[in-house]
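Subject: Structure handover

Hello,

I am passing the structure below on to you. My notes on it follow, arranged by region.

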Amino acid sequence: MNPEFNQEERELIKLVGFFKKRAERMIEEKKVGEEYKQLIETCEKLVEQLHVHAKNREIVLGERQQLSNLVKDNARCPKCDSMDQLKMIGTDKNEQGWKSNKYKCRKCNIEFVWSAPNNPWDMIPYVENFIANLEKKLADEQPGELAVQETTRVIDQMKANVAKLKPVVEASDLDYAELEMRETEMANIIKQFKKTLMIEKIKMED
């Protein structure tokens, strides 16, 4: 199955297909020199590169989408404390810049923004902030032994979850940054090569 190409890539592949057929026919008819064989080979290599790049883009963006879907809201209406009548109506950013889902409760006819972020990128600092507040609370309030044990267990669990999530998010960000660099490189190659093929196409039509 072919990967999904963007418009520029599709246009170039179409142009390569046209040029290749025309050039092969003209070589057969001895209307152009053997140097066109080299250009055909370059065309084929570029199309291969486009397939590899588009496939890689599909994988990176697909994995990023899966990662963003990791965070699931257990949102409840602040008025009726139910999740049965909730409809997600958008997203909102808080003062820290963290994105959260916005809901409407059909039962209570109110809109609200859920307190937790809706993505792993914002969830990491959110949980780290939550841990810091819990640790401060333990230090300031000095509760009983049972409360200390329970809070410490919760903190350890949260730290373990963040430790698992952080490298996954960082790896995804690295892949995405590399993809964006490659996108720019490929866009420049496509632009230059399209120009070359358009000139050759005009020569062939003369």
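**The sheet**

Three strands make up an open sheet in the order β1-β2-β3, with antiparallel pairing. Its edge strands are β1 and β3, each of which pairs on one side only. Direction ignored, neighbouring strands of this sheet are turned by 25° against each other on average. Please keep in mind that this is a predicted model.

As general background, the strands of a sheet pair through backbone hydrogen bonds, and the pairing may be parallel or antiparallel.

Strand β1 covers residues 86-93 and strand β2 covers residues 99-105; the two pair in the antiparallel sense over seven bridges. To find the register in the viewer, start from G90, which stands opposite K102 in β2. T91 likewise has a residue of β2 opposite, namely N101. The hairpin of β1 and β2 has five residues between the strands, and G97 in this hairpin takes a positive phi near 90°.

On the other side of the sheet order, β2 and β3 pair in the antiparallel sense over four bridges. K102 serves as a marker here too, as it stands opposite V113 in β3. These two strands also form a hairpin, with four residues between them, and N109 in the turn has a positive phi of about 55°.

**N118 and its surroundings**

Which loop holds N118? N118 is found in the loop between β3 (110-113) and α3 (120-141). Its relative accessible area is 14%, and since buried means under 20%, N118 counts as buried.

The side chain of N118 makes a polar contact of 2.9 Å with the side chain of N101, the residue of β2 that stands opposite T91. Leaving aside neighbours within four places in sequence, N118 is in contact with S68, V71, T91, K99, S100 and N101. That list therefore includes both T91 and N101, and S68 is also a residue of helix α2 (residues 35-68).

**Helices α1 and α2**

Helix α1 (residues 7-28) packs against helix α2 (residues 35-68) at an angle of about 155°, and their axes are 10 Å apart. Angles over 145 degrees count as roughly antiparallel, so α1 is roughly antiparallel to α2. The crossing in which α1 passes α2 is left-handed.

Which residues of the two helices meet? From α1 they include L12, I13, V16, F19 and I27, along with the charged-side entries E9, K20 and E24. From α2 they include Y36, L39, I40, C43, L46, V47, L50, H53 and R57.**Two further positions**

Q38 lies in helix α2. Is Q38 buried or exposed? With a relative accessible area of 57%, Q38 is exposed, because the cut-off for exposed is over 50%. From Q38 to L86 the distance is 62 Å, C-alpha to C-alpha, and the two residues are 48 apart in sequence.

A160 has its place in helix α4 (residues 145-205). The relative accessible area of A160 is 36%, which makes this residue partly exposed. The C-alpha atoms of A160 and K136 are separated by 19 Å, with the two residues 24 apart along the chain.

Regards

Methods
Residues are numbered from 1 along each chain as its sequence is written. This is a predicted model: local features need pLDDT of at least 70, side-chain atom pairs count only at pLDDT 80 or more; totals for chains, interfaces and linings use all residues. Side-chain values use heavy atoms; hydrogens and water are left out. Buried means under 20% relative accessible area, exposed over 50%, partly exposed in between (1.4 Å probe, protein chains only). Two strands pair if DSSP finds at least two bridges between them. A polar contact is a pair of N or O atoms within 3.5 Å; within protein, one must be able to donate a hydrogen and the other to accept it, and residues adjacent in sequence count only if both atoms are side-chain atoms. Contact means heavy atoms within 4.5 Å. Axes are lines fitted to C-alpha atoms, for helices over the stretch in contact, and angles run from 0 to 180 degrees between N-to-C directions. Angles under 35 degrees count as roughly parallel, over 145 as roughly antiparallel, 65 to 115 as roughly perpendicular and the rest as oblique. A crossing is left-handed if the near helix is turned anticlockwise from the far one by less than a right angle, and right-handed if clockwise.
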